[in-house]
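Me: I'm new to protein structures, and I'd like a close look at just one part of this one. Please show me the aromatic rings and what surrounds them, and take it slowly.

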Amino acid sequence: MKNIILFLLFLAACGSNPLSTIQNIETSCPKVFFASEHNIYVDTKSTLINLDNIAYMAKINNYAFNKGCFNVEGAFNSELSILFVITPHTSEINEIFLPFYVAIINSQNHVLDIQYYNVQGDFNIDAETKELVESEIIKTITIENQDTDEKDSIIIGFMLDQQ
């Protein structure tokens, strides 16, 4: 009998406490835009970029909120997956490196938050020709921000240099 009581106390202690649970309130997801001036990324191994030495070109193609959007204890929280499509222009480079940013802006176009990321991968290779082919990379990030609401927007773009 004593063992049964101890076992029941053990189960009660391991159960969830309704006072300590974090509330996830589902909310509307913000609109997502691709930065028009930072939507295409071009890479080369040369110091100057021109049409003859482009290694690959990448484009931000699509996005998805994987599990919806939530308000967790007053802060916006969501998983955002971003699809990148990369086209090879030479067979000399197999590795892909894409630096990008995700910015949250409010309805007055003020930046609330900006985060910087990168994604790496390899080109797919055609089995018959052994040539590099257009490839896709999906990067999933977690967005957490105290000031975000459904009126705000998310902008995704590549980090570009002056070339």
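Reply: Let's start with tyrosine 63, which has a relative accessible area of 31%, so this residue counts as partly exposed. Keep in mind as we go that the model is predicted. Now look at phenylalanine 65, whose relative accessibility is 17%. Buried means under 20%, so phenylalanine 65 falls in the buried class.

How many aromatic pairs does the structure hold? There are 7 of them. Tyrosine 63 and phenylalanine 65 make up one such pair: their ring centres are 6.0 Å apart and their planes meet at 80°. Planes over 60 degrees apart count as edge-to-face, so that is the name for this arrangement.

Phenylalanine 100 and tyrosine 117 give you a stacked pair, with 5.5 Å from centre to centre and 25° between the planes. This pair links distant parts of the chain, since phenylalanine 100 belongs to strand β6 and tyrosine 117 to strand β7, 17 residues apart. Is phenylalanine 100 buried or exposed? Its relative accessibility is 0%, so phenylalanine 100 counts as buried.

Next, see how rings join up. Tyr41, Phe84, Phe100, Tyr117 and Phe158 are linked by ring pairs into a cluster. A good guide to the surroundings of this cluster is leucine 98, a residue of strand β6. Apart from neighbours within four places in sequence, leucine 98 touches Tyr41, Phe84, Tyr117 and Phe158, among others. The list of its contacts also includes Tyr56, Ala58, Ile86, Asn118 and Val119. Leucine 98 has 0% relative accessibility, so this residue counts as buried. From C-alpha to C-alpha, leucine 98 lies 8.9 Å from glycine 121, and the two are 23 residues apart in sequence.

Tyr41 brings us to strand β3, residues 40-43, where the side chains alternate. Tyr41 and Asp43 point to one face and are buried, while Ile40 and Val42 point to the other face and are not. Strand β3 pairs with strand β4 (residues 56-72) in the antiparallel sense, over 4 bridges. Along that pairing, valine 42 stands opposite methionine 57 of β4.

Let's go back to strand β6, which covers residues 95-105. It runs antiparallel to strand β11, residues 153-158, and 6 bridges join the two. Valine 102, for instance, has isoleucine 156 in β11 as its bridge partner. Where do these strands sit in the sheet? They belong to an open sheet of 4 strands with mixed pairing, in the order β2-β11-β6-β7. The strands at its edges are β2 (31-34) and β7 (111-122), and each of them pairs on one side only. From one strand to the next, the twist averages 20°.

Finally, step back to the whole protein. Its secondary structure consists of 1 helix and 11 strands, and the helix comes before the strands when you read from the N terminus. Of its 163 residues, 33% count as buried. Among the contacts with a separation of 6 or more, 68% are between residues 24 or more positions apart. The accessible surface comes to about 11000 Å², and 50% of it belongs to carbon and sulfur atoms.

Note on methods: Residues numbered from 1 in each chain as written. Predicted model: local features only at pLDDT ≥ 70, side-chain atom pairs only at ≥ 80, totals over all residues. Heavy atoms only, no water. Pairing = 2+ DSSP bridges. Axes fitted to C-alpha atoms, helices over the stretch in contact; angles between N-to-C directions. Buried < 20%, exposed > 50% of the residue type's maximum accessible area, 1.4 Å probe, protein only. Contact = heavy atoms within 4.5 Å. Areas by Shrake-Rupley, 256 points an atom, 1.4 Å probe, with all protein chains shown as cover. Phe/Tyr/Trp six-rings, centres within 6.5 Å; stacked < 30°, edge-to-face > 60°.
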